[in-house]
Amino acid sequence: MTAAPLLSMLLAQTRCEILMRWRVPAFSLTNLVLPIVFFTFFGLPVAHIVRGDGVSVGAYLLASFGAYAVGSVMVYGFGIGVANERGMKVDRLMRASPLPALVLMLAKVLTALVFSLVALILLISYGILVGGIHQTPAVWAAIIVRLVVGSLPFIALGFAIGYWSGPNAAPALANLIYLPLSFASGLFVPLNQLPAFIQNLAPFLPSYHYAQLAWNALGAGREALWVSLLWLGGYTALFLTLAIRSYRREERAKFA
Amino acid sequence: MVVELRGARKRFGEVEAVKGIDLAIDAGQLVALLGPNGAGKTTSISLMLGLRRPTGGEARLFGLDPADRRARSRCGVMLQESGTTGVLTVTEIVDLFRAYYPSPLPAARAIALAGLDAKARARINTLSGGERQRLYFALAVCGDPEALFLDEPTVGMDVEARRSVLESIRALSAAGKTIVLTTHYLEEADQLAHRVVVIDHGVVIADATPREIKARIPSKRINFSFDKAPGESAFVGLPIQNLEIADHRVHLLSNEPEAVLRGLFERGVTVRDLEVTGADLEEAFISMTRRV
């Protein structure tokens, strides 16, 4: 055998990436606990109300914070994670190792998907157990699957932030981009309670269309599924272009 | 052939760090790349490993493109200026790196080779600088690769750690590994290597056994003051280099300080405030490049 099998590399790498993320409270608490805390403040007090279209406000906000949680795992995990590793020059050692760069990236994506799943399961369980919010298992499953699959643009956004900024700037930049994006897309406060200009802006934002995937599963979507997917595809292409551009700039500087 | 650089050049903007190096390293050799800081040693290793692309000439690793996974799978590396995230334990990260190789050593064996047994369960961010350096050594050897590339392996280590790592390097070499290391300590190259390649200003200025290199590099610096200025003639025929007389003080380099002093005494030169110290490699190289 001239090289180690790629699958066992991928598994070992993913295992360690999960451990590394889990042991950094700034990551694990922020992404697993914070959405539950937010839901407690913004969602629980109004969870019993039923909207005009018959959808429970509790379920609607649970879907919103689910979208917030997964996006946060992606944007903060990749944005800050990649910037930190670049700052510590982990990339140089990894580059000299037999681990292919693509396997490393795949392990990071798998890790983020695992954390997203855990974040969603914790949040939804909390909503069911503490908030008494009821939906059929099929609806919960649809929300989880759609949010995990649709998170691609936020993975790309995370990589773009991670390769574009340094370890000191990345947390600030990630917050500066992701928090306003979430607010303006109606993830924290329903859209109709936001200022008019933000209501007009929202339909152009990635988080807005991303949350539609989950709202749609509840029957509270404002647009057809394919429209949301098209927007998300476009944003994925945009963020990926930015990420690849920064990545190439770094490649030229460090490894050319 | 493990490593081949053929007319390899590397330019960074205006600076040419490596100016045409030819170097072939056979399996089983223990080669030290010796040179002062900024001589082009790290760039040369980066070219050998495909971490940098030559701007001229060619680099091959096991006859392949150095970035080829089949070539990388036969190499263990320890780099300067590379880090790792701190929250894993020593054993966890060694296990991770073992997974990169087809037939790795047991983790405990790699950790023992680096002398880190006592820290096997410690998190990386609790290690001292020297311990961290030993961890990188463990990561380099854990895959049981045929070739090891060690860039300044003992930097930042205390005397004890350094001795144990040098011992491990010797043992790995005796077991048939090809080892390429860089150092700016002549003694380290001398203690370890079969072959010393001296690099300065991006070119190979010598490629020989440690014994030959030592004979060519003046290893001691002699400084003294005088009452009556000795003429240049007082030094004729003595084994000295880089003679400077300034400010009522004589500075020179030599491999045979005893013979120099005996000669000076016989010629009646008064010697006060005598100092004999190990020569700085940097200045020794200057004298070497002058002679070549």
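## Exercises on a predicted two-chain model

Leaving out neighbours up to four places away in sequence, Leu62(A) touches Phe39(A), Gly43(A), Leu123(A), Ile124(A), Gly127(A) and Ile133(A). The model is a predicted one, and the exercises below start from this residue.

**Exercise 1.** Place Leu62(A) in its chain and decide whether Leu62(A) is buried or exposed.

*Solution.*
- Step 1: find the element. Leu62(A) belongs to helix α3 of chain A, residues 57-87.
- Step 2: count neighbours. Leu62(A) has 28 C-beta neighbours inside 10 Å.
- Step 3: apply the cut-off. A residue is buried if 20 or more other C-beta atoms lie within 10 Å of its own, so Leu62(A) counts as buried.
- Step 4: check a distance. Pro137(A) is 75 residues from Leu62(A) along the chain, and their C-alpha atoms are separated by 14 Å.

**Exercise 2.** Describe the fold of chain A and test whether chain A is as compact as a globular protein of its length.

*Solution.*
- Step 1: list the secondary structure. Chain A has eleven helices and zero strands, which gives the pattern α-α-α-α-α-α-α-α-α-α-α along the sequence.
- Step 2: compare radii. The globule rule gives 18 Å for 256 residues, and the radius of gyration of chain A is 19 Å, close to that value; chain A is therefore as compact as a globular protein of that length.
- Step 3: add the extents. Along the principal axes, the C-alpha atoms of chain A fill a box of roughly 60 × 35 × 30 Å.
- Step 4: look at burial and contacts. Of the 256 residues in chain A, 44% are buried. Among contacts in chain A with a separation of 6 or more, 79% join residues 24 or more positions apart.

**Exercise 3.** Characterise the side of chain A that touches chain B.

*Solution.*
- Step 1: count both sides. The contact involves 27 residues of chain A and 24 residues of chain B.
- Step 2: assign elements. On the side of chain A, α1 (6-22) and α4 (90-96) are the elements that give two or more residues.
- Step 3: find the main contributor. α1(A) supplies the largest share, seven residues.
- Step 4: sort by type. The residues on this side of chain A divide into 18 nonpolar, four polar and five charged.

**Exercise 4.** Identify the central members of the largest nonpolar core and the helix that gives the most to this core.

*Solution.*
- Step 1: rank the members. The core has 83 residues, of which Val94(B), Ala138(B) and Phe149(B) touch the most other members.
- Step 2: name the helix. Helix α5 of chain B, residues 129-141, gives the most to this core, with seven residues.
- Step 3: list the partners of one member. Beyond four places in sequence, Ala138(B) touches Val94(B), Ala110(B), Ile111(B), Leu113(B), Ala114(B) and Leu116(B).
- Step 4: look for a separate core. Apart from the largest core lies another of 60 residues, including Ile143(A), Leu181(A), Ala211(A) and Trp215(A).

**Exercise 5.** Check the length of α5(B) and describe how α5(B) is covered.

*Solution.*
- Step 1: calculate the span. The 13 residues of α5(B) should span 18 Å at 1.5 Å a residue.
- Step 2: compare. The end C-alpha atoms of α5(B) are 19 Å apart, which agrees.
- Step 3: assess burial. Eleven of the 13 residues of α5(B) are buried, and the helix is mostly covered. Among the buried residues are Glu131(B), Arg132(B), Arg134(B) and Ala138(B).
- Step 4: name the cover. The elements over these buried residues include β5 (75-78), α3 (90-98), α4 (107-113), β6 (147-151) and α6 (159-174) of chain B.

**Exercise 6.** Locate Arg262(B) within chain B and classify its exposure.

*Solution.*
- Step 1: set out the chain. Chain B has ten helices and 13 strands. Its domain assignment gives domain 1 (3-215) and domain 2 (218-291), whose C-alpha centres lie 36 Å apart.
- Step 2: place the residue. Arg262(B) lies in helix α9 of chain B, residues 257-266.
- Step 3: classify. Arg262(B) has 12 other C-beta atoms within 10 Å, so Arg262(B) is exposed.
- Step 4: relate Arg262(B) to the core. Arg262(B) and Phe149(B) are 113 residues apart in sequence, with 44 Å between their C-alpha atoms.

**Exercise 7.** Examine the positive phi angles of Lys89(A) and Asp144(B).

*Solution.*
- Step 1: Lys89(A), not a glycine, has a positive phi of about 60 degrees. Lys89(A) sits in the loop between α3 and α4 of chain A and is partly exposed, with 17 C-beta neighbours inside 10 Å.
- Step 2: Asp144(B) has a positive phi near 50 degrees. Asp144(B) sits in the loop between α5 and β6 of chain B and is partly exposed, with 18 C-beta neighbours inside 10 Å.

Methods
Residues are numbered from 1 along each chain as its sequence is written. Chains are lettered from A and ligands numbered from 1 in the order in which they are written. This is a predicted model: local features need pLDDT of at least 70, side-chain atom pairs count only at pLDDT 80 or more; totals for chains, interfaces and linings use all residues. A nonpolar core is a set of buried Ala, Val, Leu, Ile, Met, Phe, Trp, Tyr and Cys residues joined through C-beta atoms within 7 Å. Helices (H or I, at least four residues) and strands (E, at least two) are DSSP runs, numbered from the N terminus. Two residues are in contact if their C-beta atoms, placed from the backbone, lie within 7 Å. Domain bounds come from an automatic or database domain assignment. Ala, Val, Leu, Ile, Met, Phe, Trp, Tyr, Cys and Pro count as nonpolar, Asp, Glu, Lys and Arg as charged, and the others, Gly among them, as polar. The radius of gyration is taken over C-alpha atoms; the globule rule is 2.2 Å times the number of residues to the power 0.38. The expected span of a helix is 1.5 Å times one less than its number of residues.
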